[in-house]
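Got your viewer open? Let's take a short walk through this structure, one selection at a time.

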Amino acid sequence: MKSCVSIYNLNFYYGKNQILKDINLNIKNKNFISIIGANGSGKTTLLKVITRINSVTKGKVFLFENDINNYSYRDLAKLLSYVPQTINTDFDFSVLDIVLLGRNPYLNFSKSLKYTDYEVVYDILKQVECIHLTNKSINKLSGGERQKIFIAKALAQDTPILLLDEPVSSLDLYNQIEILDILKQLSKKNKIIITVLHDLNLALMYSDYIIMLKSGKIFKTGNPDILLNNKNIKSCFNIDVNIIQDKFIHPKTNHV
Amino acid sequence: MINNNYKKKKKKLIFVLYTLIILLFLSSLFILGIGIAKINFFKIIKILLSNLPFLNKLIILKNIKYTDIIIIKDIRLPRILLGILIGAGLSISGASMQGILKNPLIDPYIIGVSSGATFGATIAIVLGISSTFLGFGGISLFSFLGGLSISFLIYYLISFQKKISNTTIILVGISINLFLSSIVSLLMVLNRNNIENIILWIMGSISSANYIKLIFVAPIIIIGYLGLYFNSSNINAISVNEDIAISVGINIKKQIYIILFFSSIITSICVATSGIIGFVGLIIPHIVRIIFGHDNRIVIPFSGVIGAIFIIYCDLLARTILTPSEIPIGIITSIIGAPFFIFLIYKNKKEVF
């Protein structure tokens, strides 16, 4: 199987500040990847470099074994979709308008939406159980609904890879579980989810693979149950934790 | 159910758009007859039809006064057509500018086009350049070039940034506006005998309309409109969030330049032919958004039509309130626009749709 994201000696600077240092990564055969690390450790920047929102200062990023700089923005948008951390807009776009943005890479020159585009969007809104919000203004939604709508936009792009920046940080427990369940289901359908998470418990429960960042460098990568131990957490977050191992019982389905 | 909803909505919007276009057309016919010389509606239609090929042989203009024909054909008709173009142009360019700079309180003059154009016009007035170039006055030509070159200067200044920030564009635009208005004031102080001309020019008027002007203005505004309309879904993405825009495949830097380019050619030609007509580019897109939602694929064409209707009625007021003298149309639009805009700002806090 081809590796979907591989990064070689990536360095990234904001002006003179070095944010990312010598990142080397190869993501392959993993479907739910969480990036964890303290604030300012470069998690968001790493995602933005992969999406080409920030352009690489030094090093190479490959998607499906092609350099991302060789893709046009449009072609890249057919491979990965991105959900930013916070989105504030002064304009009251409707939910439908937002999700339709996801169809942008597939539009022709005149940018006219076809019937099939609407079909895709409605299907996705059903899938994330937001069809009743279709004509509402995005600014009138609750945090959880909003997040789901932007995930729906990412899904409308129909890309193999989804990048999410702290999708559940500002949400209550119920919505956290709901959104991560949606993502988990997608990952089972062969989508590759790469998400920044702050909650280590959630990272442990949901991910197949964890990338730990510490001040711009990759601290460790690996399987969550091996990686998340006292020693690693202490040196990554600078805090002592007491790990209590228990069976994870899903709060909604009651499955182990 | 889903496809019905979507088709119904689309049909409804198209219906409303056609209704507005018909309203614009009827308003124009109505306005053509009003003024010092009142001209009967049927006479107007006869005069207009007599100018069409083939039909003109069937129409007899014998019982219509020659002066009426001249007033309709050579004075009021070009004036209304210019008004339609200017109103549509300013509103369209305002709508896209607000979208691209993610700020609904912006007008098309923000990127320095108006002050550049005023500067150009002032220089032409001060130097006494009044000769016409293909019917396009020296003042208009200078101000068109002034507006364009200032907007290019602004592109150049913002091109140094790695990532274009809308705040920078707005701040650079405002600074250049202030800088150039000081120079214009300086030129006015140094050339006191021309102050009246300059001020009248700035206040804006479409009274000098003629067909040659229309030939220059129409293609530029139509090209600008098409350019903005075909990019309207990209404007949507950018006004939601720049990162979102990039992630859906938009080369944002290029896109911002494209939108600024089309907006500034429209604004420059509008200012060059009719001075600074304020508030149109600001309030019309607002009204459209309140009624029809924020999708720019809808906002841009609807702003065009509603802006055109707004301007022709304002111009009607401008030329009839104080007959026989005329009020500059910029004054009318601002008198109507400013209170309305304040109302909108307050209302904005709990805006519906």
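How many residues does the contact take from chain A and from chain B? Select the two sides in this predicted model: there are 31 residues from chain A and 26 residues from chain B. On the chain A side, highlight α2 (73-77), β6 (80-83), α3 (95-101) and α4 (115-127), each of which supplies at least two residues. α2(A) gives the most to this side, with four residues. Now colour the chain A side by class, and you should find 16 nonpolar, nine polar and six charged residues.

**Across to chain B**

Next, select helix α9 of chain B, residues 232-240. Is this helix mostly covered or mostly open? Mostly covered: nine of its nine residues are buried. Among them are Ser232(B), Asn236(B), Ile238(B) and Val240(B). Show the surroundings, and you will see that the cover includes α3 of chain A. From chain B, the cover includes α3 (66-100), α8 (211-230), α10 (242-247), α11 (252-274) and α13 (296-320).

**The two domains of chain A**

Back in chain A, colour domain 1 (1-77 + 161-256) and domain 2 (80-158) separately. Their centres, taken over C-alpha atoms, are separated by 23 Å. Where they touch, domain 1 of chain A contributes 19 residues and domain 2 of chain A contributes 15 residues. On the domain 1 side, pick out α1 (43-50), α2, β7 (161-165) and α6 (173-188) of chain A, each with at least two residues there. Which element has the largest share of that side? It is β7(A), with five residues. By class, the domain 1 side divides into twelve nonpolar, four polar and three charged residues.

**Into the sheet**

Keep β7(A) selected and add its sheet: six strands of chain A form an open, mixed sheet in the order β6-β7-β8-β3-β9-β10. At the edges you will find β6 and β10 (217-222) of chain A, each pairing on one side only. Neighbouring strands are turned by 15° against each other on average, direction ignored.

Zoom in on β6(A) and β7(A), which run parallel and are joined by four bridges. For one pair to click on, try Ser81(A), whose bridge partner in β7(A) is Leu162(A).

Finally, bring in the helices. α1(A) lies across β3 (32-37), β6, β7, β8 (192-196) and β9 (209-214) of chain A, at about 150° to β7(A). Helix α9 of chain A, residues 230-237, also packs on the sheet, touching β3, β9 and β10 of chain A. The direction of α9(A) makes about 40° with that of β9(A).

Note on methods:
Residues numbered from 1 in each chain as written. Chains lettered and ligands numbered in written order. Predicted model: local features only at pLDDT ≥ 70, side-chain atom pairs only at ≥ 80, totals over all residues. Contact = placed C-beta atoms within 7 Å. Nonpolar A, V, L, I, M, F, W, Y, C, P; charged D, E, K, R; others polar. Domains from an automatic or database assignment. Buried ≥ 20, exposed ≤ 12 C-beta atoms within 10 Å, placed from the backbone. Pairing = 2+ DSSP bridges. Axes fitted to C-alpha atoms, helices over the stretch in contact; angles between N-to-C directions.
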